[in-house]
Amino acid sequence: MPIVQTLVLTVSGDDRAGLVSALAEAVSGNGGNWERSQLVELGGKFAGIVLVTVDEASAPALRAALDGLSGLLAIDVDRGEAPEAAGEDGSTERMVRLDLLGNDHPGIVSAISGVLHRHGLNVEELTTVTRDAPMAGGQLFEAHLVARVPEGGDVASVQTDLEQLASEILVDVTVELD
């Protein structure tokens, strides 16, 4: 059975048509399998992270093909953890899902992530967006977050602290525990 490498590709560049196609062709054309990704265009820039698996024998060719995209994308390649190995350590960790909406102002992400950090939670996913407030004018800030609660973590305390913070920074927050 061939040895499989897991690679984490961090990509960025000026946004234009064909970036995902070029990256996907480099991966698949060199024996790689695109496992998981998050890619986005923000402010005219394209950026993302892609988890790829590849047979160890094909890894050098894949790395060379990725280097060949240097005029199109900046790509940083790191060794990663096998997708099937992540989270299979027998732990009883739980996930917290957080949805937040409020008037946009500096410090919202800092405040929320500070509470999570104090409780030892690890942010797994974070998506944020600002949009026009339809009736009041100004900007609304919306965030969706998934965080891992460590084994033995006090979930009720996390929820209480997040709800208290929400009232202090004047945002609506919904917390769901898995």
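The side chains of K45 and D14 meet in a salt bridge, with N and O 2.2 Å apart. K45 lies in strand 3 and D14 in strand 1, so the pair ties together parts that sit 31 residues apart in sequence. K45 itself is partly exposed, at a relative accessible area of 46%. Please keep in mind that this is a predicted model, so each distance here is computed from predicted coordinates.

## Salt bridges

A search of the whole structure turns up four salt bridges. Three of them are described here, among them the K45 and D14 pair just met.

E125 forms a salt bridge with R36, and the closest N and O atoms are 3.6 Å apart. Since E125 belongs to strand 6 and R36 to strand 2, this pair ties together parts that are 89 residues apart in sequence. How accessible are the two partners? E125 counts as partly exposed, with 33% relative accessibility, while R36 is exposed, with a relative accessible area of 52%.

R131 pairs with E142 in another salt bridge, where the closest N and O atoms lie 2.9 Å apart. R131 is in strand 6 and E142 in strand 7 (residues 139–149), so this bridge ties together parts that are 11 residues apart in sequence. Is E142 buried or exposed? E142 is buried, with a relative accessible area of 19%; the cut-off for that class is under 20%. R131 is partly exposed, at 34%.

Here are the three pairs side by side:

| Pair | Closest N to O distance |
|---|---|
| K45 and D14 | 2.2 Å |
| E125 and R36 | 3.6 Å |
| R131 and E142 | 2.9 Å |

## Two helices and what covers them

Helix 1 spans residues 19–28, and its buried residues are L19, L23, A26 and V27. Looking down the axis of helix 1, these buried residues fall within an arc of 100°, so they line one face of the helix. Which exposed residues does the face turned away from the buried side of helix 1 carry? That face carries S21 and E25. The cover over the buried residues of helix 1 includes strand 1 (4–14), strand 2 (32–42), strand 3 (45–55), helix 2 (59–67) and strand 4 (74–79).

Helix 2 can be read in a similar way. A59, L62 and L66 are buried in helix 2. Seen down its axis, the buried residues of helix 2 fall within an arc of 60°, so they line one face of the helix. On the face turned away from that buried side, helix 2 carries the exposed residues P60 and D67. Strand 1, helix 1, strand 3 and strand 4 are included in what covers the buried residues of helix 2.

One residue of strand 1 deserves its own look: Q5 is found in that strand. Q5 counts as buried, at 9% relative accessibility. Leaving aside its neighbours within four places in sequence, Q5 is in contact with V52, T53, V54, E56, A59 and R79. A59, one of these contacts, is also among the buried residues of helix 2.

## The second largest pocket

Rolling a probe the size of a water molecule over the atoms shows where empty space is left. The second largest pocket has a volume of about 240 Å³. Its lining is made up of Q38, L39, V40, L42, A47, G48, I49, L126, T127 and T128. The elements that give two or more residues to this lining are strand 2, strand 3 and strand 6 (122–132). Which strand gives the most to the lining? Strand 2 does, with four residues. By class, the lining has six nonpolar, four polar and no charged residues.

## Helix 4 and the loop after it

Farther along the chain, T160 is found in helix 4 (residues 155–168). T160 is partly exposed, with a relative accessible area of 46%. The C-alpha atoms of T160 and V175 are separated by 9.7 Å, and the two residues are 15 residues apart along the chain.

L170 lies in the loop between helix 4 and strand 8 (171–177). What stands out in the backbone of L170 is a positive phi of about 60°, although L170 is not a glycine. At 67% relative accessibility, L170 counts as exposed.

Notes
Residues are numbered from 1 along each chain as its sequence is written. This is a predicted model: local features need pLDDT of at least 70, side-chain atom pairs count only at pLDDT 80 or more; totals for chains, interfaces and linings use all residues. Side-chain values use heavy atoms; hydrogens and water are left out. Buried means under 20% relative accessible area, exposed over 50%, partly exposed in between (1.4 Å probe, protein chains only). The arc is that of the directions from the helix axis to the C-beta atoms. Contact means heavy atoms within 4.5 Å. On a 1 Å grid over the protein atoms alone, a cavity is a set of points where a 1.4 Å probe fits but cannot get out, and a pocket is an open set with protein on both sides within 12 Å along at least five of seven lines; lining residues have an atom within 4 Å of a point. Grid points are joined across faces, edges and corners, and a volume is the space filled by probe spheres set on the points. Ala, Val, Leu, Ile, Met, Phe, Trp, Tyr, Cys and Pro count as nonpolar, Asp, Glu, Lys and Arg as charged, and the others, Gly among them, as polar.
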